[in-house]
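Q: Please take a close look at a single part of this model, the residues that a record marks for binding. Please then set that part in its wider surroundings.

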Amino acid sequence: MKEIILLKLGEVVLKGLNRRSFEETLLKNIRRRLDGLGSFEVHERQSTIYVTPRDEDADLFTAQERLSKVFGIASLTRACEVGKKMETILDAAAEYLRGPLSAVKTFKVESKRSDKQFPLNSPQICKEAGGYLLSKFPNLRVDVNHPDYTVRIEVRDAAAYVHGNAERGAGGIPVGTGGKAAILISGGIDSPVAAWMMARRGVELTAVHFASPPYTSERAEQKVRDLLTKVGAYAGRMTMFTVPFAKVQEQIMANCPEELFTVIMRRLMMRCAEKIARNEGCGALITGESLGQVASQTLEAIVCTDAAANMPVFRPLIGMDKREIVEISSRIDTYELSIQPYEDCCTVFTPKHPRTKPALKYVEKAEEALDCAALVDECVANVKKTPITPLG
Amino acid sequence: MSELYFDNSSTTRVCREAAEKVMETMTENYGNPSSLHSLGFRAERAMDEARAAVAARLGAEKEEIYFTSGGTESNNIALFGAAHALKKRGNHIVTTQIEHPSVLNVMKRLEQEGFRVTYLKPDSFGHITAEQITGAVNGETILVSLMCVNNEVGSILPVEAAAQAVRAAGSPALVHVDAVQAFGKLPLRPRQAGIDLMSVSAHKIHGPKGVGALYVRRGVHLEPHVFGGGQEKNLRPGTEGMPLIAGFGAAVGALPEARAELRTMEELNAYCRGKLETIPEVTFNSAPDALPYILNFSAVGVRAETMLHFLSDRGIYLSSGSACSRGRESHVLSAMGLARERIASALRLSFSRYNTKEEIDVFAGALREGLSGLTRRPL
């Protein structure tokens, strides 16, 4: 019995003339994620992508797992491909779906016939398949309204396909169709979620991480690499830039008012990130800021931070509650990593009483004590590049 | 005298890659993976690497692999952990009569605690059928524990049927597979097969003794029984046995591709069967479809232990029954319903990638010599 994976396209189908380029990017992303799982044939027809193993060693199970994280796919299912004869289809349905059908009580059959040459029409296919499966599985009853399980039969041009309930795909639009942006990633819960949200909208990512050795450890940096690897399962490959930031922090501590430390630090981070982003051909920055979450994320503080950047800053979490952010981070499997308790660059120099409503003009004034341009240049010159490849 | 080692299901010679890694981890990369400093970080990285190697071999995620002190401990953590976590959902457990003592003795203990255990009986070749499993699992079942490959006769059990049976019965049961004899030899994919827990061991695959792992499917909760400093996510706390863990990882890394080695073993096994077939006293206890790494046979007429010492004097090492139940009548062969004289004269050859056809020639010659020279006593 030949088993394949069927992928239904998501929002891509709504695109007009540039639909083709969206689909091509998606196919490329799919092929890349199947690397190392054996030989597959991937092609698109009638708004469905067919992923067909070329040999026995191809790992369909892992392929499905990986593809469930590829943006641009609305739903996916494993299916059995059979010849277009009703008897063959019936045999295949009973055999292929034996496991789930023996485990449930009620079912129904849905069918779709795009090959109008096929002798039976859709209602006839349903009726015949329903009757046959009832005779094969005495445990089953038909329930067309709330079935435990739905058997789907699709008669298409090339072949017929039998499958069960489809799994929901990752949704979104294919990564690479939405430009490129740099995510400022700390190692906390929020920034990986922000990165994931923008990747879901087709944005290709570059990561910028600020490390403060010796105040922070190699482990903190490893944690960020691990987080990005998890995000990479969705967002694809990316480069991580680690910026040595301790000297900047020491300079701010020594020369600026303590209560403005955090906001000035964040402005310098923005400048460094922007410089790296421009070198990498990015059109925007992404942060995990959520309004009011901490002192540096009040509206006033964000105004000050934002003023330091000369490119758009996307803040996809800005209106989200912590609980919603945590839910997403659990879903994309970054939560457990995020809560590992290592010092990061934002926690080592936290002032006792940060100013929650800093005014931009005072901040700019205080910043004059620093040679910001030189500090930024030095940071960017000493940046370390690490390629991030999704696991597998 | 040359050394012919045919007892690889008892334990194996540690491969060079693993031995070197153990040495390096004892003398250079000796940090505690929990330490914050960079030596600790390096140790953590080494542990991570070993975990990734084991995970890859099982088609699992790193987070699903827990290091233990070996197969016995993996089985204990899995079985007590699962039974105690699910005791409010039911009290029925399904296993087989031919499991390793580290499963059977846990089952005895669980019976004393009030669990009901069904022990499936094998046929005369050590087979258990999918139908037997399906028939035994019901809505009250909370745990199904099967070995993947029997350690004495090499029979392969239909472990995938267990997960299907559990689903079909609508039971909350967890499925545990003791894969100590199968790991590194058969392609194992617990996640795909719907298996929740899987025990593996290092010293059966040319790794060091004293280390193994338990696969715990993501989302499965086990009740812990050892308490300590939180290592291995509280399931098996205690400072990690780094040299052994790193050696385990290296041994896994040095494993040949399972399918290719399986073909080599099939050839070696067929060659050996061909040689032994011509000896009239020999009856095979391993089925033709058993895992080719293991060949159990009876050389009727001479007690297994007598023959074992005779061969041992000639530098040829194998097992009588199973090394774990030294001196006792094999519970596996008894469950298979073999005649007493066959059980008493049963010998187990177990191969590794280091065995050759020439070695089998020498062994077959020595066996013939033993059969004609040794005094036969009524068994």
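A: Helices (H or I, at least four residues) and strands (E, at least two) are DSSP runs, numbered from the N terminus. On that basis, chain A has 14 helices and 15 strands. This is a predicted model, in which local features need pLDDT of at least 70 and side-chain atom pairs count only at pLDDT 80 or more, whereas totals for chains, interfaces and linings use all residues. Residues are numbered from 1 along each chain as its sequence is written, while chains are lettered from A and ligands numbered from 1 in the order in which they are written.

The part in question comes from an unreviewed UniProt entry, which places the feature "binding site" at Leu184(A), Ile185(A), His209(A), Phe210(A), Arg266(A), Gly288(A) and Gln297(A). UniProt positions follow the numbering used here, feature names are shortened, and annotations may be inferred rather than shown by experiment.

Two of these positions are described here, beginning with His209(A), which belongs to strand E11 (residues 204-211) of chain A. A residue is buried if 20 or more other C-beta atoms lie within 10 Å of its own, exposed if 12 or fewer, and partly exposed in between, the C-beta atoms being placed from the backbone. His209(A) is buried because 28 other C-beta atoms lie within 10 Å. Two residues are in contact if their C-beta atoms, placed from the backbone, lie within 7 Å. With neighbours within four places in sequence set aside, the contacts of His209(A) are Ile185(A), Glu221(A), Val224(A), Met240(A), Phe241(A), Thr242(A) and Val243(A). Ile185(A) thus appears both in the "binding site" feature and among the contacts of His209(A).

Gln297(A), by contrast in setting, lies in the loop between strand E13 (284-286) and helix H10 (299-307) of chain A. Gln297(A) counts as buried because it has 22 C-beta neighbours inside 10 Å. Beyond four places in sequence, Gln297(A) is in contact with Glu289(A), Ser290(A), Leu291(A), Gly292(A) and Ile302(A).

Another annotated position, Arg266(A), has a residue number within the range of helix H9 (residues 261-279) of chain A. The axes of helix H8 (residues 246-255) of chain A and H9(A) come within 10 Å and cross at roughly 140°. Here axes are lines fitted to C-alpha atoms, for helices over the stretch in contact, and angles run from 0 to 180 degrees between N-to-C directions. The crossing of H8(A) over H9(A) is right-handed; a crossing is left-handed if the near helix is turned anticlockwise from the far one by less than a right angle, and right-handed if clockwise. H8(A) contributes Val248(A), Gln249(A), Ile252(A) and Met253(A) to the contact, and H9(A) contributes Phe261(A), Ile264(A), Met265(A) and Leu268(A).

The same record type also covers an earlier stretch: UniProt lists residues 61-166 of chain A for "domain: THUMP" (unreviewed entry). Over these residues the chain is 37% helix and 29% strand, and the end C-alpha atoms are 14 Å apart.

At the start of the chain, Lys2(A) lies in strand E1 (residues 2-9) of chain A. Lys2(A) is exposed because 12 other C-beta atoms lie within 10 Å. Its contacts beyond four places in sequence are Cys80(A) and Glu81(A). The C-alpha atoms of Lys2(A) and Val82(A) are separated by 7.3 Å, although these residues are 80 apart along the chain.

For chain A as a whole, the C-alpha atoms fill a box of roughly 85 × 35 × 35 Å along the principal axes. Of its 392 residues, 43% count as buried. Among contacts in chain A with a separation of 6 or more, 80% join residues 24 or more positions apart.

Chain A also meets chain B: 8 residues of chain A are in contact with 10 residues of chain B. Helix H2 (60-67), helix H4 (98-103) and helix H7 (218-235) of chain A each supply at least two residues to that side of chain A. H4(A) gives the most, with 3 residues.

Within chain B, strand E5 (residues 141-147) is mostly covered, 7 of its 7 residues being buried. Two strands pair if DSSP finds at least two bridges between them. Strand E3 (residues 92-96) of chain B runs parallel to E5(B) and is joined to it by 3 bridges, with Ile93(B) opposite Leu143(B). E5(B) also pairs in the parallel sense with strand E6 (residues 174-178) of chain B, over 5 bridges.
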